[in-house]
Amino acid sequence: MNSRPSIRPELREWILSTTRAGHSVPEVLQLMKQSGYDPRQSRSIVADVLKIPVATLNSTTVPTAASTQQARRTRHPEAPSVSVDGHRVDISLSVDKPALRVLDGILSENECAELIELARPRLKRAMTVDTDGKNQVDHRRTSEGMFFTLNELPLIGKIEQRLATLLDMPVSHGEGLQILHYLPGQEYEPHFDWFDPQLPGFGTITAVGGQRIASIVIYLNTPEGGGGTAFPEIGLTVTARRGSAVYFAYDSGDQSSLHAGLPVIKGEKWIATKWLRERPYKKA
């Protein structure tokens, strides 16, 4: 009878810290092999720690220069402030788990207003990704939205580069900037941004850039009431304020990253959302 391998706490922490530092899963397996671990047991341990199907870990996989260079993790901005190409961003709140920062002044008032006007004519019912990796209308998400392609316009390119510099993450690892518009009563119920490895569409979703590793929600206006971003597992609600953002990073299975776009009580809410992948994102 096969038993689940016992994983020492220090080994579990080493696997997590090594992958967060940007090392690929094949490289982690190779390092474990060099340290004397049995390859089959190593695959079971890594799959358990990273919450990924063991079947996806091929024992013949050898880390290549491309894979070890492309698998990335973000750098978390540190208080009190960061200067990005002369643009000052203040870190007004820091949380360790999930790694979360509230970023004040990430966009100027003019940049917020211009993004709204550029997006307004292109709004459609916002979609989510279903279990097969396809876009779908989801009753949990009642907003309207649209996507800009990478570097589609000068303003988009400038914002993408600002975020890339701030988080030490190449622009190529980001999905297109999404603009969302919420009216009174509209919301996005609690959800995770990382993709569940147990779902049948996991391979399709991650084939175009790997797992999601971080999210940035930028508030383009200040609603008259409601509309904040709640993190129920840690008892935190971030107030929606024009020009500020909430950034949070996560690993597969990170329950603390559960979050929700709270209902707008009065007025309207506009946000820009950016999801980052562990590898360069190439939309299918």
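Visitor: Why is the contact between the side chains of Glu 278 and Arg 73 called a salt bridge?

Guide: In this predicted model, the N to O distance between the side chains of Glu 278 and Arg 73 is 3.5 Å, and because a salt bridge requires a side-chain nitrogen of Lys or Arg within 4 Å of a carboxyl oxygen of Asp or Glu, the pair qualifies as a salt bridge. Glu 278 lies in the segment after S17 and Arg 73 in the loop between helix H4 (65–70) and strand S1 (81–84), so this pair ties together parts that are 205 residues apart in sequence.

Visitor: What makes Glu 278 count as buried or exposed?

Guide: The relative accessibility of Glu 278 is 18%, and because buried means under 20%, Glu 278 counts as buried.

Visitor: Which residues join Arg 73 and Glu 278 in one network?

Guide: Salt bridges that share partners bring Asp 251 into one network with Arg 73 and Glu 278. A search of the whole structure finds 18 salt bridges.

Visitor: How do you know that Asp 254 and Lys 97 form a salt bridge, and where do they lie?

Guide: The closest N and O atoms of Asp 254 and Lys 97 are 3.8 Å apart, and because the cut-off is 4 Å, the pair is accepted as a salt bridge. Asp 254 lies in the loop between S14 and S15, whereas Lys 97 lies in the loop between S2 and S3, so the pair ties together parts that are 157 residues apart in sequence. With 10% relative accessibility, Asp 254 counts as buried, while Lys 97, at 54%, counts as exposed, because exposed means over 50%.

Visitor: What makes Arg 242 partly exposed, and what does it pair with?

Guide: Arg 242 has a relative accessible area of 46%, and because partly exposed covers values between 20% and 50%, Arg 242 is placed in that class. Arg 242 forms a salt bridge with Glu 109, the closest N and O atoms being 3.4 Å apart. The two residues link distant parts of the chain, with Arg 242 in the loop between S13 and S14 and Glu 109 in helix H5, 133 residues apart. Glu 109 itself counts as exposed, at 53% relative accessibility.

Visitor: Why is the sheet with the order S9-S15-S12-S13 said to have edges?

Guide: These 4 strands form an open sheet with antiparallel pairing. Strand S9 (188–191) and strand S13 (236–238) each have a single partner strand, so one side of each is left without a neighbour in the sheet. Neighbouring strands are turned by 15° against each other on average, direction ignored.

Visitor: How do you know that S9 pairs with S15?

Guide: There are 2 bridges joining S9 to strand S15 (residues 259–261), and because pairing needs at least two bridges, these strands count as paired, running antiparallel. On the S15 side, Gly 261 is the bridge partner of Tyr 188.

Visitor: Which residues touch the most other members of the largest nonpolar core?

Guide: This core has 34 residues, and Ile 106, Leu 107, Leu 115, Ile 179, Ile 216, Ile 218 and Leu 220 touch the most other members. Helix H6 (154–167) is among the elements that give two or more residues to this core, and H6 contributes the largest share, 6 residues. Apart from this core lies another, of 19 residues, among them Tyr 182, Tyr 188, Tyr 219 and Val 264.

Note on methods
Residues numbered from 1 in each chain as written. Predicted model: local features only at pLDDT ≥ 70, side-chain atom pairs only at ≥ 80, totals over all residues. Heavy atoms only, no water. Axes fitted to C-alpha atoms, helices over the stretch in contact; angles between N-to-C directions. Core = buried A, V, L, I, M, F, W, Y, C linked by side-chain atoms within 4.5 Å. Buried < 20%, exposed > 50% of the residue type's maximum accessible area, 1.4 Å probe, protein only.
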